[in-house]
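Subject: Structure handover

Hello,

Here is the structure I said I would pass on. Please look at it first, then read the notes below.

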There are 2 protein chains.
Amino acid sequence: MRRFVVLGHRAITSADFKLDDLSGSTGRLDILLRCVNSAFFISHDIRRDVEITLMLLGEPRPPKTVRIVGSEVKYLNPDERSTAALIRNALLQRPSGEKRTSPGIYVSERSYSEVLSNISKESQMHYLKEDGEDVRQCAFGDDNTFVLGDDQDLTDEEEKTLMEYSPKKISLGPISYHADHCLTVVNNELDRRRNASLR
Amino acid sequence: MRRFVVLGHRAITSADFKLDDLSGSTGRLDILLRCVNSAFFISHDIRRDVEITLMLLGEPRPPKTVRIVGSEVKYLNPDERSTAALIRNALLQRPSGEKRTSPGIYVSERSYSEVLSNISKESQMHYLKEDGEDVRQCAFGDDNTFVLGDDQDLTDEEEKTLMEYSPKKISLGPISYHADHCLTVVNNELDRRRNASLR
């Protein structure tokens with residue numbers, strides 16, 4: 001199982017946005033949309049062993065937490081606009097617990113610390129960080145969670161919360177990448193590990 | 001220098017499309033848009049040593065060839081819609097040679113074989129192919145060109161044309177990826193090589 005948690009520090013928390021202006025009027029929700037693409041899509045298929053949690057932390061009603069489950073998800077397409085429509089639909093809800101808004105898509109008002117505490121204790125936490133261990137040298141178990149920010153690093157407080165889970169700090173290369181590209185590189189590394197273990 | 005050539009087999013060759021329906025009405029131009037993002041964007045910057053050539057081969061007037069030059073490009077943003085607007089603007093032109101339609105963006109009616117023949121002889125060609133050599137084992141020089149299809153493999157004829165340039169066949173992992181994810185993985189590998197050579 002691969003789990004990604006992406007913090008959208010300014011991402012809009014209402015459905016009151018236009019699909020025509022995703023990068024301008026949504027607090028950079030567009031970054032999270034591209035992360036959804038990178039998390040799930042492979043050639044002619046969707047990764048069923050992946051789950052992504054998008055933390056929307058912007059105005060007007062933070063937090064809104066959208067969890068997308070690869071083993072259940074339907075109607076997901078690679079383009080930004082259609083994923084935005086699915087998330088906008090989820091944001092119409094103001095659930096008390098976690099509510100399914102379409103197959104494989106769940107919305108809640110869980111906080112970041114609740115999200116982390118809900119992740120299986122079996123899952124090794126990883127913190128994507130420039131000064132971490134090279135991902136290619138890192139040992140991976142079967143269940144891995146990767147936490148990263150949008151275009152902003154984790155705040156000191158968010159980092160402190162994550163540190164309670166003893167994450168491994170991992171680096172993806174000598175350059176700092178966009179969040180969606182980070183997910184692609186992580187997926188490629190884990191694909192190689194799984195393939196090696198099956199040989 | 002890194003060069004990418006992406007063949008959009010059905011990609012629309014007129015400006016007669018809506019920015020609101022990029023994945024439905026453009027012959028999968030959306031795939032090429034995501035490739036532009038993967039080719040250029042790094043955290044808080046654009047890769048200046050990258051050039052991408054999008055081959056639009058669909059109706060009504062193929063080919064249309066859009067070349068984007070990282071060292072010159074302006075007004076490029078990571079989202080699909082704004083890149084689509086830049087390309088739509090280029091497609092309004094019917095140039096005799098190659099015409100600059102905005103800084104760093106050029107449109108022409110060059111064929112695929114012309115595009116390949118215009119690439120510097122110094123540039124090593126690479127063909128992204130599942131049965132190729134593992135990219136991590138591949139030796140790279142300073143100037144590299146990578147050729148790949150959109151969601152369709154190269155046709156036999158396109159492959160034959162490419163073979164005239166003695167490309168290295170390279171594979172990115174055990175799974176077949178979307179074209180934009182391929183570019184991200186290639187960029188990550190070359191970032192690592194350059195960094196190693198600078199040490």
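In chain B, V185(B) is the residue that comes closest to the rotation axis, at 3.1 Å (C-alpha). A turn of 180° and a shift of 0.0 Å along the axis lay chain B on chain A with an RMSD of 0.0 Å (least-squares superposition on C-alpha atoms of residues with pLDDT of at least 70 in both copies). That is the relation of a two-fold axis.

The model is predicted, so local features need pLDDT of at least 70 and side-chain atom pairs pLDDT 80 or more, while totals for chains, interfaces and linings use all residues. Residues are numbered from 1 along each chain as its sequence is written, chains are lettered from A and ligands numbered from 1 in the order in which they are written, and side-chain values use heavy atoms, without hydrogens or water.

Now the interface. Chain B and chain A each bring 39 residues to the contact (heavy atoms within 4.5 Å). The copies meet through the same surface, because 100% of the interface residues of chain B are also interface residues in chain A.

About 3200 Å² is buried between the two chains, 48% of it from carbon and sulfur atoms (accessible area lost on being put together, 1.4 Å probe, summed over both parts). On the chain B side, R136(B), H181(B) and R192(B) lose the most area to chain A, together 20% of what that side buries.

There are six salt bridges between chain B and chain A (a side-chain nitrogen of Lys or Arg within 4 Å of a carboxyl oxygen of Asp or Glu). One of them joins R136(B) to E189(A), at 2.6 Å from N to O.

Regards
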